[in-house]
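Good morning, and thank you for making time for this presentation. I should like to take you through one protein model, from its overall make-up to individual side chains.

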Amino acid sequence: MVDIVKQPGRLRRAPENFLSEAEIKAVAEGRRDFLRRSFLTAASAAMTAPMLGRASEGDANILQNPEWTTTLGQPVAVRPYGLPSKHESQLVRRESPGLTRVGAASVSFAPLQGMFGIITPSGLHFERHHQGWYDIDPARHRLMINGSEPAFVKQAKVYTMDELMRLPSVSRIHFIECGANTGLEWGNVAVPTVQYTHGMLSCSEFTGVPLKLLLEDCGVDYRKARFVLAEGADGSSMTRTIPMEMVESGEVLVAYGQNGEMLRPENGYPLRLVVPGVQGVSWVKWLRRIEVGDKPYATKDEAVHYIDLLPNGQHRQYTSVQECKSVITTPSGGQALLDKGFYNVSGLAWSGRGRIKQVDVSFDGGINWQAARIEGPVQNKALTRFNIGWVWDGKPAILQSRAIDETAYVQPTYGQLRLVRGTKSIYHNNAIQSWKVDESGEVSNVQVL
């Protein structure tokens with residue numbers, strides 16, 4: 001049994017916003033020699049964590065009462081909507097400079113390295129927009145349901161938000177991951193921190209109406225209609241095909257709630273689709289129309305984009321399910337171990353095919369594996385938190401996690417994944433992530449085949 005009080009380990013947080021646009025361009029061109037220099041420069045200003053259980057003798061914070069103990073605090077409702085502490089101002093979602101030409105068609109990444117549990121705060125939920133976002137007036141928003149042929153639904157209908165919110169609702173916890181999450185890493189190490197390697201990932205409690213209920217209200221013919229097309233109200237008119245069996249299962253939601261409140265505008269307010277286990281582009285935001293059809297629609301974002309380039313040059317289409325995946329969030333790239341001793345290694349695991357069954361962790365680059373502790377709750381198609389204790393002896397180490405879901409699917413290594421998928425894809429990279437700890441304690445992104 002490790003005595004964690006006698007063997008404390010201190011961790012330096014990852015530096016924020018250390019890459020300039022020129023450096024991001026250099027990463028894209030394959031030049032990464034400056035990454036270490038950039039990290040060292042940014043990290044030099046980072047605060048170090050206090051030592052666990054330090055002696056109290058002479059500590060003014062113990063011997064003298066601070067002002068918050070001796071004065072009257074703020075009254076209630078000074079902030080009608082609560083905000084994070086000013087001391088947590090660095091924990092924000094961030095755009096990777098130079099990733100796209102236009103900010104309205106870009107990504108902001110969730111700071112996985114600084115979050116706990118499995119729920120992503122709504123204000124830190126990652127963003128992916130194709131034509132920017134709007135704060136839509138819910139009184140003017142409508143959802144139309146129709147068929148591509150009259151025989152597919154008995155009656156096309158238009159619903160207001162008030163009408164939808166009066167229907168029986170359900171609340172479920174699910175992860176959402178962009179299909180391009182970890183996409184920059186297909187060929188080699190490209191970005192240094194977990195926020196940028198895996199930050200197109202979030203998990204929330206969503207509240208809404210099962211799409212199945214609405215289709216049946218319109219008189220859907222399940223024998224003839226085997227697909228639905230979801231369309232958004234944004235400028236790109238995002239459209240995606242959803243197989244009808246997903247709808248029939250009752251999992252697909254027309255959602256207006258997120259984490260106990262209405263959706264945020266950036267996340268689709270006032271209405272979005274929730275398609276558990278499927279890549280985020282299918283979770284159409286600002287949902288305005290559902291069309292029922294008898295075949296896939298092959299829209300631009302499923303015929304040209306969000307497809308998998310295979311080694312033989314062919315493209316694989318409609319590979320929407322997000323396969324089993326995991327990542328260690330702490331210690332992770334950009335952080336540093338400041339002392340030898342005990343550390344709690346923590347991370348997240350998820351699978352688009354169901355629940356996480358097991359997570360193994362390696363400290364030697366995959367030679368030996370140990371079972372991590374799975375922390376509850378373990379939800380269907382949701383993030384799952386895992387933890388494992390580790391005593392760092394000051395020697396180099398390579399930390400990895402490997403998830404296994406309830407279908408017995410095992411998360412692959414980069415060597416296994418590239419054998420099937422090659423190195424020139426963009427989407428659906430679920431390979432094992434490796435973090436190298438060197439003798440100085442610095443943690444960096446590496447790849448192990």
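I shall begin with the whole chain, then turn to two sheets, one helix, the aromatic rings and a single threonine.

Please keep in mind throughout that this is a predicted model. The protein has 449 residues, and 50% of them count as buried. Its secondary structure consists of 10 helices and 26 strands. The accessible surface amounts to about 21400 Å², and carbon and sulfur atoms account for 54% of that area. As for the contacts, consider those between residues at least 6 apart in sequence: 72% of them join residues at least 24 apart.

Let me turn to the sheets. In general, strands of a sheet pair through backbone hydrogen bonds, in either a parallel or an antiparallel manner. One open sheet here has three strands in the order β2-β3-β4, with antiparallel pairing. Strands β2, residues 94-95, and β4, residues 127-128, stand at the edges with a single partner strand each, so one side of each has no neighbour in the sheet. Between β3, which covers residues 107-109, and β4 there are two bridges. To place that pairing on the chain, Val107 has Arg128 in β4 as its bridge partner.

A second open sheet is built from five strands, ordered β21-β20-β24-β25-β26, and its pairing is antiparallel. Its edge strands are β21, at 370-371, and β26, at 443-446, each of which pairs on one side only. Within this sheet, β24, residues 397-405, and β25, residues 434-437, run antiparallel and are joined by four bridges. Leu399 has Trp435 in β25 as its bridge partner, and Ala397 has Val437 in that strand. On from there, β25 and β26 are also antiparallel and pair over four bridges. Here Lys436 is bridged to Ser444 in β26. The hairpin of β25 and β26 has five residues between the strands, and Gly441 in this hairpin takes a positive phi near 95 degrees.

Next, helix α10. Which residues of this helix, 414-421, are buried? They are Tyr414, Leu417, Arg418 and Arg421. Viewed down the axis of α10, the buried residues fall within an arc of 95 degrees, and they therefore line one face of the helix. On the other side of α10, Leu419 and Val420 are exposed. I would draw your attention to the chemistry of that division: two arginines, Arg418 and Arg421, are among the buried residues, whereas a leucine and a valine, Leu419 and Val420, are exposed. The packing partners of the buried residues are β15, at 308-309, and β16, at 315-316. Just after the helix, Gly422 takes a positive phi of about 80 degrees.

I come now to the aromatic rings. There are four aromatic pairs in the structure, and I shall describe two of them.

Phe206 and Trp283 form an edge-to-face pair, with 5.5 Å from centre to centre and 65 degrees between the planes. This pair links distant parts of the chain, 77 residues apart: Phe206 belongs to strand β8, residues 201-210, and Trp283 to the loop between β13 and β14. Phe206 is buried at a relative accessible area of 0%, and Trp283 is buried at 1%.

In the other pair, the ring centres of Phe363 and Trp390 are 5.0 Å apart and the planes meet at 10 degrees, so this pair is stacked. Phe363 is in the loop between β20 and β21 while Trp390 is in strand β23, and the pair therefore ties together parts 27 residues apart in sequence. Both Phe363 and Trp390 are buried.

A charge also sits over a ring in this model: the charged end of Arg402 is placed over the ring of Trp369, 4.2 Å from its centre.

Finally, the threonine. Thr384 lies in strand β23, which spans residues 384-392. Is Thr384 buried or exposed? Its relative accessibility is 0%, and Thr384 therefore counts as buried. Beyond its neighbours within four places in sequence, its contacts include Ile118, Leu348, Ile356, Ile374 and Glu375. Thr384 and Val359 are 25 residues apart in sequence, with a C-alpha to C-alpha separation of 9.6 Å in space.

That concludes the presentation, and I welcome your comments.

Conventions
Residues are numbered from 1 along each chain as its sequence is written. This is a predicted model: local features need pLDDT of at least 70, side-chain atom pairs count only at pLDDT 80 or more; totals for chains, interfaces and linings use all residues. Side-chain values use heavy atoms; hydrogens and water are left out. Buried means under 20% relative accessible area, exposed over 50%, partly exposed in between (1.4 Å probe, protein chains only). Contact means heavy atoms within 4.5 Å. Accessible areas come from the Shrake-Rupley method with a 1.4 Å probe; for residues, only the protein chains shown count as cover. Two strands pair if DSSP finds at least two bridges between them. The arc is that of the directions from the helix axis to the C-beta atoms. Rings of Phe, Tyr and Trp (its six-membered ring) pair if their centres lie within 6.5 Å; planes under 30 degrees apart count as stacked, over 60 as edge-to-face and the rest as tilted. A charge sits over a ring if NZ of Lys or CZ of Arg is within 6 Å of the ring centre and within 35 degrees of the ring normal.
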